[in-house]
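Here are my notes on this model, as numbered points. Please read them with the coordinates open.

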Amino acid sequence: TAHAGYGHSEFVRLEDVKVITAKQGRMTTGRRSSPVPQMKCMGGTAGCTKAPATMQCYNRGFDGYDVQWECKADLDNSYRLGDLEVVCEGRTTDPSDAYVLAGSCGVEYYLDLTEEGQ
């Protein structure tokens, strides 16, 4: 059966999302809010000039509040990913709603220098 408007098939439980692949310059899906960049560098000790082209984030489990993500990117040895947050558009504005819009997750991250890069 086809779903009109907000069909349930458009939404997934965030806990069920196993991996997110984010690409520089691509936008997320948006319904209630505007699409956002799949990858957004927020700064860090390395700045954003050497931002990776792609990042993959893996669901490492649920702590009762949120999914714990481990993200990897192809970076020169001088750089490492710093603090990051996976941000998704929820089905509703209620933060306790476990469902998110498929394709709406993006990664906000910091890029730091390693000891080798300092």
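1. Start with the side chain of Glu 89. In this predicted model, that side chain reaches the backbone nitrogen of Arg 32 at 2.7 Å. Glu 89 also makes a side-chain to side-chain polar contact with Ser 33, at 2.9 Å. Glu 89 itself belongs to the loop between β6 (79-87) and β7 (99-101).

2. Which side chain of opposite charge is nearest to Glu 89, and how far away is it? It is Arg 32, at 4.3 Å. A salt bridge needs a side-chain nitrogen of Lys or Arg within 4 Å of a carboxyl oxygen. Glu 89 therefore has no salt bridge, although it is buried. Arg 32 thus appears twice here: its backbone nitrogen is reached by the Glu 89 side chain, while its side chain stays unpaired with Glu 89.

3. The surroundings of Glu 89 deserve a look. Setting aside neighbours within four places in sequence, Glu 89 is in contact with Thr 29, Gly 30, Arg 31, Arg 32 and Ser 33. Val 100, Leu 101 and Ser 104 are in contact with Glu 89 as well.

4. Next, the salt bridges. The structure holds seven of them. Arg 91 pairs with Asp 97, with the closest N and O atoms 3.0 Å apart. The two partners fall in separate burial classes. Asp 97 counts as buried, at 17% relative accessibility. Arg 91 is partly exposed, with a relative accessible area of 30%.

5. Arg 13 takes part in two of the listed pairings. Its side chain meets that of Asp 16 in a salt bridge at 3.3 Å, N to O. It also meets the side chain of Glu 15, at 3.9 Å, N to O. The 3.9 Å value still qualifies because the cut-off is 4 Å. Shared partners join Arg 13, Glu 15 and Asp 16 into one network.

6. How exposed are the members of that network? Arg 13 is partly exposed, with a relative accessible area of 30%. Glu 15 is partly exposed too, at 29%. Asp 16 is partly exposed at 46%. The upper limit of that class is 50%, so Asp 16 does not count as exposed.

7. Asp 112 is another acidic residue to inspect. It is found in strand β8 (residues 106-113). Asp 112 is buried, with a relative accessible area of 13%. A polar atom of the Asp 112 side chain lies 3.0 Å from the backbone nitrogen of Thr 45.

8. What does Asp 112 touch, not counting residues up to four places away in sequence? Gly 44, Thr 45 and Ala 46 are among its contacts. Ser 78, Tyr 79, Arg 80 and Gly 82 are also touched by Asp 112. Glu 85 is a separate case: Asp 112 and Glu 85 are 27 residues apart in sequence and 15 Å apart in space, C-alpha to C-alpha.

9. Pro 37 is found in the loop between β2 (19-23) and β3 (39-41). Is Pro 37 buried or partly exposed? At 35% relative accessibility, Pro 37 counts as partly exposed. Leaving out neighbours within four places in sequence, Pro 37 is in contact with Arg 26, Met 27, Thr 28 and Gly 106. Pro 37 and Leu 111 are 74 residues apart along the chain, with C-alpha atoms separated by 16 Å.

10. Now the whole chain. The secondary structure comes to zero helices and eight strands. In sequence order the pattern is β-β-β-β-β-β-β-β. The C-alpha trace spans about 55 × 30 × 20 Å along its principal axes. Consider contacts between residues at least 6 apart in sequence: 64% of these join residues at least 24 apart.

11. Surface and charge come last. Buried residues make up 33% of the 118 residues. The accessible surface comes to about 7400 Å², and carbon and sulfur atoms account for 47% of it. The protein has 12 positive and 17 negative charges. The mean positions of these two sets are 6 Å apart.

Technical notes:
Residues numbered from 1 in each chain as written. Predicted model: local features only at pLDDT ≥ 70, side-chain atom pairs only at ≥ 80, totals over all residues. Heavy atoms only, no water. Helix = DSSP H or I, 4+ residues; strand = E, 2+ residues; numbered from the N terminus. Buried < 20%, exposed > 50% of the residue type's maximum accessible area, 1.4 Å probe, protein only. Lys, Arg positive; Asp, Glu negative; His and termini not counted. Polar contact = N/O pair within 3.5 Å; in protein donor to acceptor, adjacent residues only side chain to side chain. Contact = heavy atoms within 4.5 Å. Areas by Shrake-Rupley, 256 points an atom, 1.4 Å probe, with all protein chains shown as cover. Charge placed at Lys NZ, Arg CZ, Asp CG, Glu CD.
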